[in-house]
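Trainee: Could you take me through one part of this model up close, and then show me how the rest of the chain relates to it? I'd like the reasoning along with the numbers.

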Amino acid sequence: MLRKVLAALLLVAGCVLAPVAVAGFWAANEIVDSDRYVAAVGPLADDPAVQSAVTERLTDEIVQYLPLDRAVRGAVQRVVTSDAFARAWTEANRVAHDQLDALLSGEGGGSLVTEDGTTVSLDLGPLINGIKQQLVASGLTFAGRIPAAHPTIELVQVEDLAFYQSLYQWAAKLKWVLPGLTVVLLVLGVLAARRRSRALVWTGLGLALGMAVLAGVLAWARSGYLGATGTKGLDPAAAAAFFDALTRSLWIGLLVIGVAGLLLAVGAWLTGRHRRT
């Protein structure tokens, strides 16, 4: 009886820890690591929704100094659809990530972090010179007198800063610890069980259920992120593209583990059934 209880406790603990381990590993890879973060969001420079959001933000900024909406919008669109924008987008995201990293690491923010430390923004200032050159080349020579500006787009709003700082720091520390502990718990649970084929069935089903719960949490987080975009943030379509790009590897990971869990459960059930016949 004691062995049965021990096996059950080990398997339950492993299955409960599995989604936490997957989410933590993703956070340590995609959020903590600057290169992986930039690699994830960099391709969004070619996303029409992101280009549209950036175009609107830059146009709104420049028409304050040059009230020629059509001419300004055309110049902005030419810059935003150029190779220069892809380079500027990548660099701007790298800078924003470094400041987000500093904020969540407890080292303070930077110029792209609001004074209350709750919002991290993307600096679009480097694109202004290119737009001014486009306007001057089209005959609007006085566009060259547009002052240097640094319009921004809000990327992330962190309401409970202390909570997210704690999560961020623990994710970095436990990147490999949690997945390793999950595997150890599940293996020990199966080995402790008297009927290991049944234990494998429950392990597979538990993993699949854990990944389903994680998928639900991720969908809830996506909805919350889209609802939190402010007037200076990405519009819903661009925000969705940004969130989806950043969490794509997490979705892939949980789907792979969830399907693997189901296959394990079916395989173990068939094997146990074959042995009984």
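**A close look at helix α6**

Mentor: Let's start with helix α6, residues 128-137, where the buried residues are I128, I131, K132 and L135. Around the helix axis they cover an arc of only 100 degrees, so they sit on the same side of α6. The spacing fits a general rule: an α-helix has 3.6 residues a turn, so residues three or four places apart point the same way. Now flip the helix over: the face turned away from the buried side of α6 carries the exposed residues Q133 and A137. Keep in mind that this is a predicted model, so everything here is read off predicted coordinates.

Within that buried side, zoom in on L135, which is in helix α6. Its relative accessible area is 0%, under the 20% cut-off, so L135 is buried. What lies across from it in space, though far off in sequence? One answer is A71: its C-alpha atom is 7.5 Å from that of L135, although 64 residues separate the two along the chain. For contrast, take L218 in helix α9, residues 196-227. L218 is 83 residues from L135 in sequence, and here the C-alpha atoms are 43 Å apart. L218 is buried as well, at 7% relative accessibility.

From there we can move to helix α4, residues 69-80, which holds both R73 and D69. These two form a salt bridge, with the closest N and O atoms 3.4 Å apart. They are four residues apart, about one turn of the helix. Neither is buried: R73 is partly exposed with a relative accessible area of 21%, and D69 is partly exposed with 40%. The pair also belongs to something wider, since salt bridges that share partners join E56, D69 and R73 into one network.

There's a similar arrangement in helix α3, residues 48-62, where R57 and E61 both lie, again four residues apart, about one turn of the helix. Their side chains meet in a salt bridge at 3.8 Å, N to O. Buried or exposed, then, for R57 and E61? R57 counts as buried because its relative accessibility is 17%, and E61 counts as buried at 11%.

How many salt bridges does the whole structure have? A search of it finds six. Another of them links D35 and R94, with the closest N and O atoms 2.9 Å apart. D35 lies in helix α2 (residues 34-41) and R94 in helix α5 (residues 83-104), so this pair ties together parts that are 59 residues apart in sequence. As for R94, its relative accessibility is 27%, so it counts as partly exposed.

Now for a residue further along the chain: A238 is in helix α10, residues 236-276. A238 counts as buried, at 0% relative accessibility. The C-alpha atoms of A238 and S52 are separated by 8.1 Å, even though the two residues are 186 apart along the chain.

Next, the N-terminal helix, α1, and a quick sanity check on its length. Helix α1 covers residues 2-32, and at 1.5 Å a residue those 31 residues should span 45 Å; the end C-alpha atoms are 42 Å apart, which agrees. The helix has a kink of about 30 degrees at A18, shortly before the proline P19. A7 is in α1 too, and with 5% relative accessibility A7 counts as buried. A7 and S82 are 75 residues apart in sequence, and from C-alpha to C-alpha they are 59 Å apart in space.

Last stop, the surface. V183, V184, V187, L188 and L191 make a nonpolar surface patch of about 410 Å². One of them, V183, is in helix α8, residues 177-192.

So, back to where we began: in α6, the buried residues I128, I131, K132 and L135 share one side because their arc around the axis is only 100 degrees, while Q133 and A137 are exposed on the face turned away.

Terms used: Residues are numbered from 1 along each chain as its sequence is written. This is a predicted model: local features need pLDDT of at least 70, side-chain atom pairs count only at pLDDT 80 or more; totals for chains, interfaces and linings use all residues. Side-chain values use heavy atoms; hydrogens and water are left out. Helices (H or I, at least four residues) and strands (E, at least two) are DSSP runs, numbered from the N terminus. The expected span of a helix is 1.5 Å times one less than its number of residues. The bend at a residue is the angle between axes fitted to the seven residues ending there and the seven starting there. Patches are made of residues with over 30% relative accessible area and no salt bridge: like charges are joined within 9 Å, nonpolar side chains (Val, Leu, Ile, Met, Phe, Trp, Tyr) within 5 Å. Accessible areas come from the Shrake-Rupley method with a 1.4 Å probe; for residues, only the protein chains shown count as cover. A salt bridge is a side-chain nitrogen of Lys or Arg within 4 Å of a carboxyl oxygen of Asp or Glu. Buried means under 20% relative accessible area, exposed over 50%, partly exposed in between (1.4 Å probe, protein chains only). The arc is that of the directions from the helix axis to the C-beta atoms.
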